[in-house]
Amino acid sequence: MVYAIVRAGGRQEKVSVGDLVTLDRVPAEAGSTIELPAVMLVDGDKVTTGADDLAKVKVQAEVLENLRGKKIVIQKYKNKTGYKKRQGHRSELTRVKVTSIA
């Protein structure tokens with residue numbers, strides 16, 4: 001089984017060929033191909049972690065869609081002072097499909 005640990009959007013994700021991964025927004029249009037930097041590669045029993053070897057590894061992914069995450073509601077309240085604050089947030093996300101690890 002071949003899989004790679006890639007750095008994407010400030011996090012690390014474990015991916016293999018055919019996986020659908022949701023990342024922080026990537027500046028690419030739907031249908032385009034992006035390359036994700038590998039942190040580690042596992043090919044059966046062989047584990048590659050050296051920077052020189054990982055520079056040769058290419059993890060290609062196809063951008064499927066740009067979307068927005070679930071709404072997060074932030075509420076602050078302090079009793080007896082009349083202080084109330086309400087805020088919301090939705091993350092900008094990109095869904096990609098890993099097409100090759102070479």
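Arg 11 is partly exposed in this predicted model, with 37% of its relative area accessible. The side chain of Arg 11 forms a salt bridge with that of Glu 13, at an N to O distance of 3.8 Å. The pair also belongs to a wider arrangement, since a network of salt bridges links Arg 11, Glu 13 and Asp 24.

The overall layout gives these residues a setting. The protein has 10 strands and 1 helix. Along the sequence the order is β-β-β-β-β-β-α-β-β-β-β, with the helix α1 at residues 51-54. The C-alpha atoms occupy a box of roughly 60 × 30 × 20 Å along the principal axes. The radius of gyration is 19 Å, whereas a compact globule of 102 residues would have one near 13 Å.

What share of the 102 residues is buried? Buried residues account for 28% of them. The accessible surface of the protein is about 7100 Å², and carbon and sulfur atoms contribute 49% of that surface. Contacts can also be sorted by how far apart the partners are in the sequence. Among contacts with a separation of 6 or more, 66% join residues that are 24 or more positions apart.

Charge is the next topic. The protein carries 19 positive and 12 negative charges, and the mean positions of the two groups are 18 Å apart. The count of salt bridges is 6, and the one between Arg 11 and Glu 13 is among them.

Another salt bridge joins the side chains of Lys 58 and Glu 35, with N and O 3.9 Å apart. Distant parts of the chain are linked by this pair, whose members are 23 residues apart. Lys 58 sits in the loop between α1 and β7 (59-68), while Glu 35 is in strand β4, which covers residues 33-36. Are these two residues buried, exposed or partly exposed? Lys 58 is partly exposed, at a relative accessible area of 39%. Glu 35 also counts as partly exposed, at 44%.

A further salt bridge connects Glu 65 and Arg 95, and their closest N and O atoms are 2.7 Å apart. Glu 65 belongs to strand β7 and Arg 95 to strand β10 (residues 92-101), so this salt bridge ties together parts 30 residues apart in sequence. Glu 65 has a relative accessible area of 33% and is therefore partly exposed, because that class lies between the limits of 20% and 50%. Arg 95 is partly exposed as well, with a value of 28%.

The last stop is His 89, in strand β9, which spans residues 83-89. His 89 is partly exposed, with a relative accessible area of 42%. Which residues does His 89 touch, leaving aside those up to four places away in sequence? The residues are Lys 70, Lys 71 and Ile 72. Gly 31 offers a reference point elsewhere in the chain: 58 residues separate His 89 from Gly 31 along the sequence, and their C-alpha atoms are 27 Å apart.

Conventions: Residues numbered from 1 in each chain as written. Predicted model: local features only at pLDDT ≥ 70, side-chain atom pairs only at ≥ 80, totals over all residues. Heavy atoms only, no water. Helix = DSSP H or I, 4+ residues; strand = E, 2+ residues; numbered from the N terminus. Rg over C-alpha atoms; globule rule 2.2 N^0.38 Å. Buried < 20%, exposed > 50% of the residue type's maximum accessible area, 1.4 Å probe, protein only. Contact = heavy atoms within 4.5 Å. Areas by Shrake-Rupley, 256 points an atom, 1.4 Å probe, with all protein chains shown as cover. Lys, Arg positive; Asp, Glu negative; His and termini not counted. Charge placed at Lys NZ, Arg CZ, Asp CG, Glu CD. Salt bridge = Lys/Arg side-chain N within 4 Å of Asp/Glu carboxyl O.
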